[in-house]
Amino acid sequence: MNFVRDRADLRWLPSRHHFALARLVAYLILRFSGPRPQPGLALVVDRYQSQPEHYAMAIWATLTAGCYVVAVLNVWMPMWAAVLTAIIITGLIVQIPLFTIGALVLPLWERLTGAREQRHEKAISVAYMVLYLLASSYFVTRPGWVRYVAAFSLLVFAANAAAAVLMFLLRGAVRRLEQRCGI
Amino acid sequence: MTQSAWWRRFLVRGVFWRQFLRWAVLNVPIWLEPVVIAFWSLFFLLWGPGRRGVMRNLTAILPGSWAVTNFFRTFRVFWNYAWTITDNVRFKERRVVPDWEFEGSQHFEHMTGLPGGSIMLTAHMGSYDLGAHLFAEMSDRRIVMVRAPEIDPRTREYEERQQELLGQGLRIGFNTRAESLAFDLLEAVQAGEIIAVQGDRVTPGIAAYPTTLFGKRTLMPAGPFALAMAARVPIYPVFVMRSGRRRYRLVSGKPIRVERRSRNRDEDLQIAIDEWARDLEQVIRGGWFQWFTFEPYSEELAA
């Protein structure tokens with residue numbers, strides 16, 4: 001494992017972030033901020049290390065799923081009941097693809113193909129993104145408030161795609177900045 | 001397997017949850033972790049004895065606190081516990097290391113720089129497991145970690161298999177056979193090894209001394225202090241506190257020296273144990289949400 005030490009601003013190293021949009025934001029923050037010494041600090045350079053990125057993603061995923069659950073339930077019950085039910089069941093609904101794909105589909109696929117892989121988090125992550133994209137594409141066509149939620153989600157996907165292009169174009173500058181920071 | 005045994009794996013300390021955690025570490029997308037951990041932390045609030053134990057401890061740590069706010073504080077304890085055991089399993093499976101910051105690093109450096117052995121005394125706070133593994137990776141000193149075995153036999157078997165993932169720098173000793181372990185530890189510390197042990201809980205059959213913690217009478221294990229006295233090595237209080245997602249703060253305190261000052265060995269040990277209890281109180285007061293003691297720590301609280 002690579003470590004960088006004694007500087008709090010290096011939390012914003014692009015290499016500590018996963019999604020392109022987060023990497024772009026991190027690059028801009030690090031590029032335009034000065035060093036912040038913090039003796040005794042050791043930061044791991046790992047692409048899944050960023051706390052703000054992963055909490056932001058988790059909050060987006062939960063709130064978006066919750067809104068879609070409310071929109072579906074609102075067809076059969078009043079809004080207040082739909083919101084209350086969604087608060088209770090969204091945490092469980094968000095995990096359904098995880099258990100379906102991770103505990104059933106992928107092991108069955110591996111049994112059929114003879115592949116042996118214990119780790120599936122990347123495949124499951126891609127599956128989630130596809131599900132969110134499909135759900136957002138459906139709800140953006142529906143009337144009412146839910147289409148704004150779906151539009152925001154689609155905007156996030158589009159912004160990430162655009163950020164991926166930008167990060168590709170900036171790859172040299174990012175590499176030089178990270179080298180100056182000691183990695 | 002008897003019909004009554006199959007469901008035991010699903011009890012709180014059953015092996016199913018260890019296997020489930022390992023599966024989750026290998027399969028849950030990283031960005032989904034906070035949601036999954038929040039859900040299962042809420043689920044485990046259904047574990048009545050654990051929930052009540054934490055709430056009772058909180059009434060002593062935070063005098064005057066309300067039961068309803070302690071209920072939400074208990075969720076915070078469960079949330080932190082879930083994150084720390086997840087980080088621990090992720091380290092064992094994938095060697096993923098968190099961010100670290102050091103407080104009192106001069107004491108830690110003194111401990112690792114000593115020519116002889118020493119004792120690292122910690123508590124059921126933060127990620128004591130991960131801390132020991134990291135010390136073993138960061139230091140060329142060999143560390144012997146003393147811990148109580150798992151209650152459930154299948155869980156114990158599972159954990160012993162998982163310990164094979166450890167490197168050469170870390171050895172585990174179980175405190176079920178106090179007499180034979182004491183000799184092993186004395187030999188280890190005299191050979192220059194560091195003994196890592198948790199000193200905030202007494203398991204059945206282990207010698208203990210009374211002290212007070214937040215004004216309540218409780219028992220502390222005598223072993224680390226007796227060992228320090230016999231081997232003439234210092235005890236370093238070390239706490240590995242979780243300060244965020246994959247971020248830990250290693251807090252190292254000034255050493256406790258257990259010295260024969262009188263003819264009364266018990267009194268000399270009591271001085272050191274009381275000093276440790278004061279250190280522990282200070283740390284728990286600032287980090288109660290990471291003290292993973294799921295039963296009342298004092299009989300006065302259990303009543």
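Guide: Helices and strands here are DSSP runs, with at least four residues for a helix and at least two for a strand. Keep in mind that this is a predicted model. By that rule, the secondary structure of chain A comes to 6 helices and 2 strands.

Visitor: In what order do the elements of chain A run from the N terminus on?

Guide: They go β-α-β-α-α-α-α-α.

Visitor: What makes chain A more spread out than a compact globule?

Guide: Set two numbers side by side. The globule rule gives 16 Å for 183 residues, but the radius of gyration of chain A is 20 Å, well over that, so chain A is more spread out than a compact globule. Its C-alpha atoms fill a box of roughly 60 × 45 × 35 Å along the principal axes.

Visitor: And how do you know that chain B agrees with a compact globule?

Guide: Same kind of check. For 303 residues, a compact globule would have a radius of gyration near 19 Å, and chain B has 19 Å, so the two agree. The box for the C-alpha atoms of chain B is roughly 55 × 45 × 45 Å, and the chain holds 11 helices and 9 strands.

Visitor: Why is A:Cys181 called buried?

Guide: The cut-off for buried is under 20% relative accessible area. A:Cys181 has 13%, so it counts as buried.

Visitor: Then why is A:Cys67 called partly exposed?

Guide: Partly exposed lies between the buried limit, under 20%, and the exposed limit, over 50%. A:Cys67 comes out at 22%, so it falls in that middle band.

Visitor: How many disulfides does a search of the whole structure find?

Guide: The search finds 0 over all chains. To count, a pair of cysteine sulfur atoms would have to be within 2.5 Å. In case the word is new to you, a disulfide is a covalent bond between the sulfur atoms of two cysteines.

Visitor: What share of each chain counts as buried?

Guide: For chain A it's 41% of the 183 residues; for chain B it's 57% of the 303 residues.

Visitor: What supplies the accessible surface of each chain?

Guide: Chain A has about 10,400 Å² of it, and 69% belongs to carbon and sulfur atoms. Chain B exposes about 13,600 Å², with carbon and sulfur atoms supplying 56%.

Visitor: How far apart are the centres of the positive and negative side chains in chain A?

Guide: They lie 6 Å apart, for 18 positive and 8 negative side chains. In chain B, the mean positions of 39 positive and 32 negative charges are 5 Å apart.

Conventions
Residues are numbered from 1 along each chain as its sequence is written. Chains are lettered from A and ligands numbered from 1 in the order in which they are written. This is a predicted model: local features need pLDDT of at least 70, side-chain atom pairs count only at pLDDT 80 or more; totals for chains, interfaces and linings use all residues. Side-chain values use heavy atoms; hydrogens and water are left out. The radius of gyration is taken over C-alpha atoms; the globule rule is 2.2 Å times the number of residues to the power 0.38. Buried means under 20% relative accessible area, exposed over 50%, partly exposed in between (1.4 Å probe, protein chains only). Accessible areas come from the Shrake-Rupley method with a 1.4 Å probe; for residues, only the protein chains shown count as cover. Lys and Arg count as positive and Asp and Glu as negative; His and the chain ends are not counted. The place of a charge is taken as NZ of Lys, CZ of Arg, CG of Asp or CD of Glu.
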